[in-house]
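Have the model open in your viewer and a selection tool at hand. We will go from stop to stop, with a note on what to select at each one.

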Amino acid sequence: MAETTTKPKSIPIAAKETGPGPGRYALPATVGYQKHDFTKTMRPAYSFGVRLENPMFKAGFSPGPGYFINSSISRYGKDGTPSYTILGRQKDLNAFKTPAPGTYSPEKVHPQGERHAPAYSMGSRTRFRKSDTVPAPNSYSLPTMLGSRIATQRAAASYSMTGRAKTGSFAEDLAKTPGPCRYNPANPNLCKKKQPAYSMLGRSYMPGDSTKKPGPGAHRPEGVTTNKPKAPSFSLGIRHSEYITPLIIDVTD
């Protein structure tokens, strides 16, 4: 009887597999007309054109969206309805301009044969009078006529107001006595029975424990697993492979 040996089954390693992953495959597109899915109905596709390089199509030559189109312009051309406007009367350059009645001033015309009254005007000082030292009319001033200032002239009466004298006036204090406010009243507690005195103190607090106590929401009895059975819990680990290079770090002394 022949003895048969069975080989242990090897565990497959994902890193050894050389086939493409799920992201390698892609369904054909259903948008546009290039490489469209032939099993689907193709819809019309639109695209944006590029700006022409011709200088006549630059940004400064084309109107924007707010371009105003005249209502009289249609796709067949301009509206042929006649339009009229009111213009001003043109000026005739060759016509004679007759002056109005208010242009004449007959009152300014001197009668013929009559003598003219003398007319004077004030001109500027000539250049030969620059060194003239004669004072002007406003340099002279007449003396005042109030008070006895001019011996040869009769002056009007003048009055003045003097200050109040400290001696001999009605408000002079001859007795030199102090007023009622000069005396300070004596404290009655010095010579009589002293009255009770009260003061206001600060608020006092009872001594107590100032440590922070946990509230009802701070306790979690459902999370206790010391004396109660614990439900199974699972976590996602890290996939290990024999093809991963181990981390090598230089340790300095």
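Start by selecting Asp-37 in this predicted model. Setting aside neighbours within four places in sequence, show what Asp-37 touches: Pro-28, Ala-29 and Thr-30 are its contacts. You are in the segment before β1 here. Is Asp-37 buried or exposed, and which side chain of opposite charge is nearest? Asp-37 is buried, and that nearest side chain is Lys-40, 5.5 Å away. Asp-37 has no salt bridge, because such a pair must have a side-chain nitrogen within 4 Å of a carboxyl oxygen.

Next, select His-36, which also lies in the segment before β1. Its relative accessible area is 14%, so His-36 counts as buried, the limit being under 20%. Now draw a distance from the side chain of His-36 to the backbone oxygen of Thr-30: you should read 3.3 Å. Widen the selection, again leaving out neighbours within four places in sequence, and you will find His-36 in contact with Ala-29, Thr-30, Val-31, Thr-41 and Met-42. Ala-29 and Thr-30 may look familiar, as they are also among the contacts of Asp-37.

For the next stop, move along to strand β1, at residues 73-74, and pick Ile-73 within it. With a relative accessible area of 43%, Ile-73 is partly exposed. Add Tyr-67 and Ile-69 to the selection and turn on the surface: with Ile-73 they form a nonpolar patch of about 340 Å² of accessible area together.

Now for charged pairs. How many salt bridges does the structure hold? There are two. Select Lys-213 and Asp-209 for one of them, where the closest N and O atoms are 3.1 Å apart. Lys-213 is exposed at 56% relative accessible area, and Asp-209 is exposed as well, at 57%. Then select Glu-222 and Arg-220, another salt bridge, with closest N and O atoms 3.8 Å apart. Both of these residues are exposed too.

Finally, zoom out to the whole protein. A cartoon view has two strands and zero helices to show. Colour by accessibility, and buried residues make up 1% of the 253 residues; His-36 and Asp-37 belong to that group. The protein exposes about 29200 Å², with 57% of it supplied by carbon and sulfur atoms. If you plot a contact map, consider contacts between residues at least 6 apart in sequence: 18% of them join residues at least 24 apart.

Terms used
Residues numbered from 1 in each chain as written. Predicted model: local features only at pLDDT ≥ 70, side-chain atom pairs only at ≥ 80, totals over all residues. Heavy atoms only, no water. Helix = DSSP H or I, 4+ residues; strand = E, 2+ residues; numbered from the N terminus. Buried < 20%, exposed > 50% of the residue type's maximum accessible area, 1.4 Å probe, protein only. Polar contact = N/O pair within 3.5 Å; in protein donor to acceptor, adjacent residues only side chain to side chain. Contact = heavy atoms within 4.5 Å. Lys, Arg positive; Asp, Glu negative; His and termini not counted. Patch = residues over 30% accessible without salt bridge, like charges linked within 9 Å, V, L, I, M, F, W, Y side chains within 5 Å. Areas by Shrake-Rupley, 256 points an atom, 1.4 Å probe, with all protein chains shown as cover.
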